[in-house]
Amino acid sequence: MTRPRTALITGITGQDGSHLAEFLLSKGYRVAGMVRRASVDQSERIAHLLDHIELVQGDLLDPSSLSKALSDVEPDEVYNLGAMSFVPTSWAQPVLTGEFTALGVTRILEAVRVVNPKIRFYQASSSEMFGKVRETPQTESTPFHPRSPYGVAKAYAHWITVNYRESYGLHASCGILFNHEGPRRGLEFVSRKISNGVARIKMGLDKELRLGNLDAQRDWGYAGDYVRAMWLMLQLDEPVDLVIATGKTHTVRDFCRIAFEHVGLRYEDYVTLDPKFLRPAEVDTLLGDASLAKATIGWEPEVSFPDLVRMMVDADLLRVSRLKAMGH
Ligand code: NAP
Ligand code: F7E
């Protein structure tokens, strides 16, 4: 019997990790996820998959745990999604962000190089590397100008992945993913903060939604579409770096307007500015050009921006109404 293709995902408990695990299982993969020990259960997003995946303990801070995970699982493909991914926290914990999000990538690349350099490697690069954008739209050749310790750490992670490809011939690829969201997004990111806030206001649990910069523009897509691109990239004969984006940009205000309108409300009546949510340096506008991804891996997004917003509001309405019924 032939061995199923095997993938190891770091960050499997995160938004993208849970979608990617589902996607790879649907492709017949054996899927293993690396998790760090926590005092409470972190597996909410993968609870429905626990009978179908394997979990190994490890941490991007700990090199020997990475080598052991690779030796034990023997993956054909490694998807490095683990990171400190919330931009505001990167100002509060800049050194730790660098350890996880930047040096963590060197640690796992070293482990791949030593344990099995034939492993195909995916690095979760980010549009935050473009930061104060040098051109619009942003492509694979747009220079980086990151605006947060997170963006700087991702730029390091991106270049060390390119360097290991060029130095050691690893099949290592970077997906430069623009913002992607969905019902599994963490509650602190603006998309989910809005969808959850709208649901709570509609259910009578809150009276207002406090936000920061409503004029920031993002190229927002659906996470389920974006994990497909990760897998497609690792199926190419040659490694590649690709921008993954929808090619459309919207303001935080647009997100609010569509989300509130979906439940018959006006955002102007509920959204208030709280300076606490403004950033020391903002990324004002992002807009990606994913033409190269379309040409090389045939990738295009399927979920539109208004459908994404409505999907998230509907999911939070259901969740909040269940919690309310249970008295929480
Ligand atoms: P997420 O929901 O915040 O998940 C992050 C994952 O990283 C979690 O599973 C977390 O584990 C894990 N992690 C954190 N520190 C770790 C460490 N020291 N060792 C091992 N694992 C660690 O993020 P996401 O939205 O799924 O994003 C996935 C990746 O894509 C991240 O690298 C992110 O920076 C990048 N990215 C995201 C976007 C986006 O719009 N979503 C866009 C571009 C790039 P715990 O559960 O234990 O905390
Ligand atoms: O902010 C503005 C905020 O925190 C989006 C991460 O996945 O995508 C994500 O980073 C915009 C910013 O995501 C609030 O100032 C206004 O301009 O949802 P966010 P992000 O910083 O773009 C990239 C691609 C990643 O790689 C990251 O890992 O929304 N905004 N008011 C707010 N943002 C938050 N969080 N909260 C507010 O109240």
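Helix axes here are lines fitted to C-alpha atoms over the stretch in contact, and angles run from 0 to 180 degrees between N-to-C directions. Keep that in mind for the exercises below, which all use a predicted model.

**Exercise 1. Work out how helices α6 and α8 are placed against each other, and which residues bring them together.**

Start with the geometry. Two packed helices are described by the angle between their axes and the distance between the axes. For α6 (residues 190-202) and α8 (residues 252-262), the angle is about 30 degrees and the axes lie 10 Å apart. Angles under 35 degrees count as roughly parallel, so α6 is roughly parallel to α8. As for handedness, the two cross in a right-handed way.

Now look at who touches whom. On the α6 side you'll find Val-190, Ser-191, Ile-194, Val-198 and Ile-201, while α8 brings Val-252, Phe-255, Cys-256, Ala-259 and Phe-260. Sort the residues by class and you get nine nonpolar, one polar and no charged.

**Exercise 2. Do the same for helices α4 and α5.**

Geometry again: the axes of α4 (residues 94-115) and α5 come within 8 Å and cross at roughly 15 degrees. That angle makes α4 roughly parallel to α5. The crossing is right-handed.

Next, the contact. From α4, the residues include Pro-94, Thr-97, Leu-103, Leu-109, Glu-110 and Arg-113. Among their counterparts in α5 are Tyr-150, Lys-154, Ile-160, Tyr-164 and Tyr-168. By class, this contact of α4 with α5 splits into 13 nonpolar, five polar and three charged residues.

**Exercise 3. Trace the seven-stranded sheet, find its edges, and see which helices lie on it.**

Step one is the strand order. Reading across the open sheet gives β3-β2-β1-β4-β5-β6-β11, and the pairing is parallel.

Step two is the edges. β3 (54-57) and β11 (241-244) each have a single partner strand, so one side of each is left without a neighbour in the sheet. On average, neighbouring strands are turned by 20 degrees against each other, direction ignored.

Step three zooms in on one pair. Strand β2 (residues 30-35) runs parallel to β3, joined to that strand by four bridges. Met-34, for instance, has Val-56 of β3 as its bridge partner.

Step four adds helices. α5 (residues 149-168) packs on the sheet and touches β5 (120-126), β6 (171-177) and β11, with its direction at about 155 degrees to that of β5. Helix α7 (residues 223-234) lies across β4 (77-80), β5, β6 and β11, and runs at about 155 degrees to β6.

**Exercise 4. Spot two backbone oddities and say where they sit.**

First, the background: most residues other than glycine have a negative phi, and most peptide bonds are trans. Then check the exceptions. The bond between Thr-136 and Pro-137 is cis, with omega about 0 degrees. Pro-137 belongs to the loop between β5 and α5. Glu-74, a residue other than glycine, has a positive phi near 50 degrees. Look for Glu-74 in the loop between α2 (63-73) and β4.

**Exercise 5. Compare the chain's overall dimensions with those of a compact globule.**

Begin with the inventory: the chain has 10 helices and 13 strands. Its C-alpha atoms fill a box of roughly 60 × 45 × 40 Å along the principal axes. For 328 residues, a compact globule would have a radius of gyration near 20 Å. The chain's value is 20 Å, so the two agree.

Methods. Residues numbered from 1 in each chain as written. Chains lettered and ligands numbered in written order. Predicted model: local features only at pLDDT ≥ 70, side-chain atom pairs only at ≥ 80, totals over all residues. Heavy atoms only, no water. Parallel < 35°, antiparallel > 145°, perpendicular 65-115°, else oblique. Left-handed = near helix turned anticlockwise from the far one by under 90°. Contact = heavy atoms within 4.5 Å. Nonpolar A, V, L, I, M, F, W, Y, C, P; charged D, E, K, R; others polar. Pairing = 2+ DSSP bridges. Rg over C-alpha atoms; globule rule 2.2 N^0.38 Å.
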